[in-house]
Structures are given as structure tokens and as C-alpha cells.
Amino acid sequence: MLENCVKHHKRCSYSGIAKVNSQWWPSRLLDLGTSSATPGPEIIRLIDPAKDTTTSYKYAALSYQWGGKEFIKLTAGSESSLRAGIPVDDLPLTFQEAISATRALGLRYL
């Protein structure tokens, strides 16, 4: 879906989202996996793109107003468990919807 937009719409191919050949990535991304149809609780993982330079990371970004209810947070103490896996059900609805939208765009990383 996104690839079609980037290839066939002049305005989309100019946007920052279309820079699919970029060699710069954020220092951390969420790997959403290839499918949400696995048995058991759905798990995503925190990754460090700098550690695997052979992968091309096409990703979406979430602009989000922090505040309100406390939830999972990346800290020095939580990093290893977040790399092991994050249950999607433990995330706020905004993040769950961002995961669904990112997958609907055909992207694996957020």
C-alpha cells in the first residue's frame, strides 16, 4: 500500500516517509514482527538498528503527547526485558492502534 503511494503519487514520493533508501535510522525501533496472527499473547521487541546494518528499516513514527497514566517506559533497568519482548496488551490503546496502522501500511518497524 505505502510502496504504491510512494511510486505513483508525486507528493508522496517527496515526503520524508518515502525515503526508503535512507541509511539513517533512529537509535531504537520497535520490531512489530511479520504477523499478528501468532497464538498466545502478541509480543513486539525493542531493537537497535545500528547493530544490524544489513537490514533496511522502513518504519513509521508516532508523535505522542506523554503524560497521564504510567505505562511501560524504557529505562536502563527495563531495556533488556523490552528487548526480550513487550506484550502489546500492556501498551496504551494509542500504541496498539499505532502498531495496527503501521502494519496496515506494510511496515514492520515503529
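E42 and R103 form a salt bridge, and their closest N and O atoms are 2.2 Å apart. E42 sits in the loop between strand 1 and strand 2, while R103 sits in helix 4, so the pair ties together parts 61 residues apart in sequence. E42 counts as partly exposed, at 22% relative accessibility. R103 is partly exposed too, with a relative accessible area of 22%. The model described here is a predicted one.

## The overall layout

The protein has four helices and three strands. Along the sequence they follow the pattern α-α-β-β-α-β-α. The chain has 110 residues, and 27% of them count as buried. Its accessible surface comes to about 7,800 Å². Carbon and sulfur atoms own 54% of that surface.

How do contacts spread along the sequence? Take the contacts between residues at least 6 apart: 65% of them join residues at least 24 apart.

## The sheet

The three strands make an open sheet in the order 1-2-3, with antiparallel pairing. Strand 1 (29-31) and strand 3 (86-87) stand at the edges. Each has a single partner strand, so one side of each is left without a neighbour in the sheet. Strands of a sheet pair through backbone hydrogen bonds, either parallel or antiparallel.

Strand 1 meets strand 2 (residues 43-47) over three bridges, in the antiparallel sense. Which residue of strand 2 stands opposite D31? It is R45.

## Three salt bridges

A search of the whole structure finds three salt bridges. Side chains of opposite charge can pair when their charged atoms come close. The table lists the pairs, with the N to O distance for each.

| Acidic residue | Basic residue | N to O distance |
|---|---|---|
| E42 | R103 | 2.2 Å |
| D31 | R108 | 2.7 Å |
| E79 | R83 | 2.6 Å |

The side chains of D31 and R108 meet in a salt bridge. This pair links distant parts of the chain: D31 is in strand 1 and R108 is in the segment after helix 4, 77 residues apart. Are these two residues buried or exposed? D31 counts as buried, because its relative accessibility is 14% and the cut-off for buried is under 20%. R108 counts as partly exposed, at 32% relative accessibility.

E79 and R83 also meet through their side chains. Both lie in helix 3, four residues apart, which is about one turn of the helix. E79 is partly exposed, with a relative accessible area of 29%. R83 counts as partly exposed at 26%.

R83 has a further contact, with D48. D48 is found in the loop between strand 2 and helix 3 (79-84). Leaving aside neighbours within four places in sequence, D48 touches S27 and R83. D48 and L30 are 18 residues apart in sequence, and their C-alpha atoms are 8.9 Å apart in space.

## The nonpolar cores

In soluble globular proteins, nonpolar side chains tend to be buried together. Here, the largest nonpolar core holds 15 residues. Which of them touch the most other members? They are L30, L32, I44, I86, L91, I99 and L110. Strand 2 and helix 4 are the elements that give two or more residues to this core. Helix 4 gives the largest share, three residues.

I44 shows how many parts of the chain can meet at one residue. Not counting residues up to four places away in sequence, I44 touches L30, D31, L32, L82, G85, I86, V88, L91, I99 and R103. D31 and R103 on that list also take part in salt bridges, D31 with R108 and R103 with E42.

Apart from the largest core lies another, of five residues. Among them are W25, L29, Y57 and Y109.

## A buried threonine in helix 4

T102 is found in helix 4 (residues 93-104). Why does T102 count as buried? Its relative accessible area is 3%, and buried means under 20%. Leaving aside neighbours within four places in sequence, T102 is in contact with L32, A60, L107, Y109 and L110. L32 and L110 are among the core residues that touch the most other members. Y109 belongs to the core of five residues.

Notes
Residues numbered from 1 in each chain as written. Predicted model: local features only at pLDDT ≥ 70, side-chain atom pairs only at ≥ 80, totals over all residues. Heavy atoms only, no water. Buried < 20%, exposed > 50% of the residue type's maximum accessible area, 1.4 Å probe, protein only. Contact = heavy atoms within 4.5 Å. Pairing = 2+ DSSP bridges. Areas by Shrake-Rupley, 256 points an atom, 1.4 Å probe, with all protein chains shown as cover. Salt bridge = Lys/Arg side-chain N within 4 Å of Asp/Glu carboxyl O. Core = buried A, V, L, I, M, F, W, Y, C linked by side-chain atoms within 4.5 Å.
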